[in-house]
Amino acid sequence: MSLSTFRQRIKPWMLPIAMLLGILFHESIGQVAFLSRYLIFTMLLITYCRLKVSDFHIGRYIWLLLAVQLGGAVGVYLLLSPIDNVIAQGAFICVFCPTATAAPVITGMLGGSVGRVAVYSLFSHVSVAFLAPLLLTWVGGSAGAGIGFGESLLTIAQTVLPLILGPLAVAALMGRFAPKAKAAVANHQGLSFYIWAFALLIVVGNSVSFLMKEPASAMPQIFLLALVALLACCAQFWAGRKIGARYADKISGAQSLGQKNTVLAIWLALTYLNPLASAAPAAYVAWHNTINSYQIYRQSRRTKNI
């Protein structure tokens, strides 16, 4: 069997394999966790190197997605908070958290518009950066006491924006001063998928390590949080697909809303909300990557049959 044939056969299974390895070796993942930011930066740089200025359009499509993300987050919290505030917080953060930095990569693999998802990723992260201090203080109540607006805004901005704006800036500079290097990077889009698989291994390993530290008495609530995360995940993929269909791009819409920056979501939950609520975005890691693994598998089969 040739290397290219082996890669084609294993590709649809890479994300499940990465998640399984993260679970099995979660105790050791902490030693390489620091690599996550560099992996995501590199992965996005590869993706953005194939973008052109003409790919970036800001219109009604962006505002509709933002309305679902931000309005939906407030709506699910108001709906669930009278029943269980921790469950409501978990649902809120699963909807409120921005698009995953890997979403453009998966979108490109599935045949959607990388430009649209890249633009929405920027908008959703900036929106969360400005609204998180206010909304999370409201949702978390006293959990966020003592953290000032300016401090929390700066922390979120420093955590998120360099990962999104940095690769774009480097790609733009390469296009201006090293166009041949940019073209060479653009011709190796497949690398970003394997880099994401390794980054996913780290994220899953860290999430499992966190959940293992929770007491047995918290398991029923953790199960409910995982269930709420599944419902939120399916609902957002569905809503994004419906919005995307209006603009002849179901894939981009679904990825924009359904695939989430769960690393940021877990951090936000631990910082501002009841720490147990972070089990919801930890479970979301498995749900949105399971859906994407299935979609990549179907896309691979489709391409193979053409």
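How many helices and how many strands are there in the protein chain? The protein chain holds 15 helices and zero strands, where helices (H or I, at least four residues) and strands (E, at least two) are DSSP runs numbered from the N terminus. The structure is a predicted model, in which local features need pLDDT of at least 70 and side-chain atom pairs count only at pLDDT 80 or more, while totals for chains, interfaces and linings use all residues. Residues are numbered from 1 along each chain as its sequence is written, and side-chain values use heavy atoms, with hydrogens and water left out.

To begin with the chain overall, 49% of its 306 residues are buried; here buried means under 20% relative accessible area, exposed means over 50%, and partly exposed lies in between (1.4 Å probe, protein chains only). The surface exposed by the protein chain comes to about 14,400 Å², and 69% of it is supplied by carbon and sulfur atoms; these areas come from the Shrake-Rupley method with a 1.4 Å probe, and for residues only the protein chains shown count as cover. Among contacts in the protein chain with a separation of 6 or more, 83% are accounted for by residues 24 or more positions apart, contact being defined as heavy atoms within 4.5 Å.

Two helix pairs can be followed through helix 8. The axes of helix 7 and helix 8 are 9 Å apart and pack at an angle of about 165°; axes are lines fitted to C-alpha atoms, for helices over the stretch in contact, and angles run from 0 to 180 degrees between N-to-C directions. Helix 7 is therefore roughly antiparallel to helix 8, given that angles under 35 degrees count as roughly parallel, over 145 as roughly antiparallel, 65 to 115 as roughly perpendicular and the rest as oblique. The crossing of helix 7 with helix 8 is right-handed, that is, the near helix is turned clockwise from the far one by less than a right angle, whereas anticlockwise would be left-handed. On the helix 7 side, Ala103, Pro104, Thr107 and Gly108 meet Val114, Val117 and Ala118 of helix 8. These contact residues divide into five nonpolar, two polar and no charged, with Ala, Val, Leu, Ile, Met, Phe, Trp, Tyr, Cys and Pro counted as nonpolar, Asp, Glu, Lys and Arg as charged, and the others, Gly among them, as polar.

Helix 8 (residues 114–140) also comes within 10 Å of helix 14 (residues 262–272), axis to axis, and the two cross at roughly 30°. Helix 8 and helix 14 are therefore roughly parallel to each other. From helix 8, the residues in this contact are His125, Val128, Leu136 and Gly140, and from helix 14 they are Leu264, Leu268 and Tyr272.

Leu110 belongs to helix 7 (residues 103–110) and counts as buried because its relative accessibility is 7%. Beyond residues up to four places away in sequence, Leu110 touches Ile251, Gln255, Gln295, Ile296 and Gln299. Its C-alpha atom is 9.8 Å from that of Tyr297, 187 residues apart along the chain. As for helix 13 (residues 250–258), seven of its nine residues are buried, including Gln255.

Arg60, in helix 5 (residues 60–80), counts as exposed because its relative accessibility is 55%. Outside its neighbours within four places in sequence, Arg60 is in contact with Arg246 and Tyr247. The C-alpha atoms of Arg60 and Tyr247 are separated by 9.9 Å, with their positions 187 residues apart along the chain.
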